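Please work through the exercises below with the sequence and the model side by side, trying each task before reading its solution.

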Amino acid sequence: MPQPVPSAAASTSNDTLISKAKSHLLQNYKQQPIVLVKGRGTRVWDADGREYLDLIGGVATCALGHCHPDLVAAAHAQLDSLWHVSNAFYSQPQIDLAAQLCEWSGFERAFFCNSGAEANEALLKLARKVMKDRGTPERYEVITFERSFHGRTLATVTATGQPKYHAGFEPLPAGFHHVPYGDVEAVRRAVGPATAAILVEPIQGEGGVRLAPEGFLKGLRALCDEKGLLLLVDEIQTGMGRTGIPFGFMREGIRPDAISMAKALGNGLPIGAMLCREDVGASLSPGSHGSTFGGNLVAAAAANAALKVIRQPGFLDEVTAKGAYFLGRLREIQGKLPPGRVVEVRGQGLLVGLEVDREAPQVLARLREAGVLGNAAGDRTVRFAPPFTVTREELDQSLAIIERVLMAL
């Protein structure tokens, strides 16, 4: 069971704060009924002083755990120097971050924003502008995939291939077509004279942690080359080493035209990025796109520190090893349970989905009561995205709780 944190409990209880939240916050989230007030590494504490193993980390965001000392030091140092300047000026943290990301990813250009949705908006605007610059302004449509998730703005929610996110916001913007994930021939059939680009996730995170079939991304690259389309890859969950390699697209040895990233880039501080090839990036000329807070100095300083940690020799090998261990143990647990209790264990690196035989929130509530935090990815999939710094001992503690909860359902 969750344990009290010594001398760290907040002076206000979960119930009091949640009551206040319900009086003032927009009720657009289905929040778990605790207020988190402190975190260190893989562990967090709520306002009642209870301790949890945080295996979701802001939904694949706190990749180096909570309050990593290198990132805290970098953010503090930047706060003492300069917080924010307009993008009408250069700033060194942003310049250094662009250089690091381009070197690591193989792209030539970086654009900074504040979130994954904004990074995907940049991809969509880039695709339209490139086609206009090529003299084919009629090409503006984007092919995306069923069960995908690309954000909550009107354009990115329309790109998302889940009708539940569209409900109530119609009429949706024109120019998006959804096809079955993993089916290159379905994509080929969907390509028409108005198609500009294909937007794809290497793993569908919100769609239930569903991996792209082997060869799928390579097939999309070949199709884009054949038809003169842009291949846009959404790396918001898979980027920054989450799957054990820098970016998910690298697993198939391809080079997209552009990618989006956010989440783990700032380890919890809000920052997103679009990375692209030199030739397509030239279409976003001065004044064509921008962001007031994009590349904020404090967030960029934290992101630089995060990259330095993640890029250390052998660091991502450990992510791969921990992910393989976690997946393997979950599959062992699946074999001990009544048939069908766990439908499937899916994942890559430290992005894992546990599909169960009932609604995911039922399982999440039991896990939370026992001291482990996850979240739902689809109706019946429990998602885990532990920090890369999680220890084997913490994984074992979590696995013991997961097994006990699933056995008791």
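**Exercise 1: Unusual backbone in the loops**

C67 sits in the loop that links α2 (57-60) with α3 (69-79), where helices (H or I, at least four residues) and strands (E, at least two) are DSSP runs numbered from the N terminus. The model is a predicted one, in which local features need pLDDT of at least 70, side-chain atom pairs count only at pLDDT 80 or more, and totals for chains, interfaces and linings use all residues. Residues are numbered from 1 along each chain as its sequence is written, and side-chain values use heavy atoms, with hydrogens and water left out.

Task: Describe the phi angle and the exposure of C67, then do likewise for K263, and finally find the cis peptide bond that ends at P171.

Solution. Begin with the general expectation: most residues other than glycine have a negative phi, and most peptide bonds are trans. C67, although not a glycine, has a positive phi of about 55°, and its relative accessible area of 45% makes C67 partly exposed (buried means under 20%, exposed over 50%, partly exposed in between, with a 1.4 Å probe and protein chains only). Next, K263 lies in the loop between β11 (258-261) and β12 (272-276); K263 is not a glycine either, yet its phi is positive at about 35°, and K263 is partly exposed with a relative accessible area of 23%. Last, the peptide bond from E170 to P171 is cis, with omega near 0°, and P171 belongs to the loop between α6 (154-159) and β6 (176-179).

**Exercise 2: An open sheet**

Task: In what order do the four strands of the open sheet stand, and which strands are at its edges?

Solution. The order is β1-β2-β3-β15, with mixed pairing; two strands pair if DSSP finds at least two bridges between them. The edges are held by β1 (36-40) and β15 (372-373), each of which has a single partner strand, so one side of each is left without a neighbour in the sheet. Looking at β1 in detail, four bridges join it to β2 (residues 43-46), and the two strands run antiparallel; L36 has D46 of β2 as its bridge partner.

**Exercise 3: The whole chain**

Task: How many helices and strands does the protein chain have, and what percentage of its residues is buried?

Solution. The protein chain has 13 helices and 17 strands. Buried residues account for 55% of its 409 residues. Along its principal axes, the C-alpha trace spans about 65 × 55 × 45 Å.
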